[in-house]
Amino acid sequence: MKTLYLDCGMGAAGDMLTAALLELLPDKEEFLAVLNSLGIPGVTVTSEASVKCGIQGTHITVKVNDEEESEGMRTHKHSHSHEHEHDHEHSHDGGRHHHHSGMHEIGHIIEDLPVSEKVKADILAVYSMIAEAESHAHGVPVTEIHFHEVGTMDAVADVTAVCMLMDRLSPDQVVVSPIHVGGGHVKCAHGILPVPAPATAYILRDVPIYGGGIKSELCTPTGASLLKYFATRFGDMPVMRTTAIGYGMGKKDFTAVNCVRSLIGETEDTSDTVTELCCNLDDMTAEAIGFAEEQFFTAGALEAYTVPAQMKKSRPGILLSVMCREKDKEQMLKLIFRHTTTLGVRENASRRYTLSRTTETVRTNLGEVRKKISSGYGVKREKYEYEDMARIAREQDMSLAEVTAYIKKQEK
């Protein structure tokens, strides 16, 4: 199983995660060229070698209109200086107004990016997570939240870069270490706030975090939201054969190397524990059940299905089963109670065994087609991506069988 492990012993921020994942790619410059060609307003992203505590890694620099945010502009910055302006101040510098952006404006920027719909959805989901945290911290509706750190173009570049890198690396699972959040206090426009800042603390609820002797803000809201969104689980590094290691460096120097470390490779154990949530239903329409299942899959359910069942008083009904990862259990329970008529849900822990999965791109005269390859336990299976096949069939007025035969011929 292709596994990505992120070591967050010195916290995380968007630029550090970008650099750590970028180091895992064979061609960093090609990716940066693609990122810079997206047309994020005024943004240029560059990378440079950085050495901390004798370890070499990569530092990411984001410039907006050829200017990098300077220390003089950071009137209330956290000293860790992971990425950009902290989320709580609308600042002025030399008469220059620093623009605020809300979710509406950010949504327009993201929708105009020439990236896949999946990457767009990932970017919007990360910002929605931050918006919810800011809304909770400040006690105002999400629609009234105006971002400072996370709404500026440099932060848009960070979040976009991480989402694109995750899409390129396509790990089967992402394991994140317990997160070092730092300690002490951070100065912002509203006064002195404890570390982790309220928004970061809200995002990282139910996530293993810890403080330490470093009195600085080590994990930013952007870093926290990216980690929580992409993590399959949090814990120690699994037994794995690493194929690449990356070091994403922050700006500041501490007694410990200020970086996020990434390791990608194969894990031998292809089993994991999943939660199965079950309930009996006898008073819902087929349409309502279908709608409910859509909500479960959107929220990350691994599987959702129904089985005919004989209920009490000889009533015909169904058994609904929803399988999810442990970290998604609470959210899935809320959705089951919200979208079904059940009064109770049963929980079972199951051990799931899976084949290792990889994806290859097949280039044909009719366009690119992704091929999913599954292997393990002495078997190997290959299957073309349905959406790619259907697109070609519609464009060329062919049947799916004809497209399949054509692609197989092209591969020979």
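## A three-stranded sheet

Two strands count as paired here if DSSP finds at least two bridges between them. Strand 19 and strand 20 (residues 379-384) meet that condition with six bridges, and they run antiparallel. This is a predicted model, so please read the details that follow as properties of a prediction. Within this pair, Gly376 has Val379 of strand 20 opposite it. The two strands form a hairpin with two residues between them, and Tyr377 in the turn has a positive phi of about 55 degrees.

On to the other partner of strand 19. Strand 18 (residues 356-364) pairs with strand 19 (residues 367-376) in the antiparallel sense, over nine bridges. Thr361 faces Arg370 of strand 19 across this pairing, and a hairpin of two residues joins strand 18 to strand 19. Taken as a whole, these strands make an open sheet of three, in the order 18-19-20, with antiparallel pairing. Strand 18 and strand 20 are the edge strands, each pairing on one side only. On average, neighbouring strands of the sheet are turned by 25 degrees against each other, direction ignored.

## Helices beside the sheet

Helix 10 (residues 386-396) lies across strand 19 and strand 20, and runs at about 150 degrees to strand 19. Helix 11 (residues 400-411) is where you will find Ile407.

Is Ile407 buried or exposed? Ile407 has a relative accessible area of 0%, and because the cut-off for buried is under 20%, Ile407 counts as buried. Setting aside neighbours within four places in sequence, its contacts are Val362, Thr364, Val369, Tyr384 and Met389. One of these, Val362, is 45 residues away along the chain, yet the two C-alpha atoms are separated by 8.2 Å. Val362 falls within strand 18 (residues 356-364), Val369 within strand 19 (residues 367-376), Tyr384 within strand 20 (residues 379-384) and Met389 within helix 10 (residues 386-396). Ile407 is thus a handy residue to select if you want to view this part of the model.

## Nonpolar cores

The largest nonpolar core has 64 residues, and Leu6, Leu21 and Ile179 touch the most other members. Helix 5 (residues 153-169) gives the most to this core, with 12 residues. Which residues does Leu21 contact, leaving aside its neighbours within four places in sequence? They are Leu4, Leu6, Val162, Leu165, Met166, Leu169 and Ser262.

A second core, separate from this one, holds 17 residues, including Cys279, Ile318, Met332 and Leu333.

## Cavities

How many cavities of 30 Å³ or more does the structure hold? There are two. The second largest has a volume of about 30 Å³, and its lining is formed by Leu6, Leu17, Leu21, Val162, Met166, Leu226 and Leu227. Helix 1 (14-22), helix 5 and helix 7 (221-230) are the elements that give two or more residues to this lining.

Some names recur from the core. Leu6 and Leu21, which line this cavity, are among the residues that touch the most other members of the largest core. Val162 and Met166 are also lining residues, and both are in contact with Leu21.

## Another hairpin, and an exposed threonine

Strand 15 (residues 303-310) and strand 16 (residues 316-325) pair in the antiparallel sense over eight bridges. Tyr305 stands opposite Ser321 of strand 16. Their hairpin has five residues between the strands, and Lys313 in this hairpin takes a positive phi near 60 degrees.

Thr243 sits in strand 12 (residues 240-249). With a relative accessible area of 65%, Thr243 is exposed, because the cut-off for exposed is over 50%. Not counting residues up to four places away in sequence, Thr243 touches Ile264 and Gly265. Gly265 is 22 residues from Thr243 along the chain, and their C-alpha atoms are separated by 4.9 Å.

## The chain as a whole

Finally, a few totals to keep at hand. The protein chain has 11 helices and 20 strands. Buried residues make up 50% of its 412 residues. Of the contacts in the chain with a separation of 6 or more, 67% are between residues 24 or more positions apart.

Definitions and conventions
Residues are numbered from 1 along each chain as its sequence is written. This is a predicted model: local features need pLDDT of at least 70, side-chain atom pairs count only at pLDDT 80 or more; totals for chains, interfaces and linings use all residues. Side-chain values use heavy atoms; hydrogens and water are left out. A nonpolar core is a set of buried Ala, Val, Leu, Ile, Met, Phe, Trp, Tyr and Cys residues joined through side-chain atoms within 4.5 Å. Buried means under 20% relative accessible area, exposed over 50%, partly exposed in between (1.4 Å probe, protein chains only). Helices (H or I, at least four residues) and strands (E, at least two) are DSSP runs, numbered from the N terminus. Contact means heavy atoms within 4.5 Å. Axes are lines fitted to C-alpha atoms, for helices over the stretch in contact, and angles run from 0 to 180 degrees between N-to-C directions. On a 1 Å grid over the protein atoms alone, a cavity is a set of points where a 1.4 Å probe fits but cannot get out, and a pocket is an open set with protein on both sides within 12 Å along at least five of seven lines; lining residues have an atom within 4 Å of a point. Grid points are joined across faces, edges and corners, and a volume is the space filled by probe spheres set on the points.
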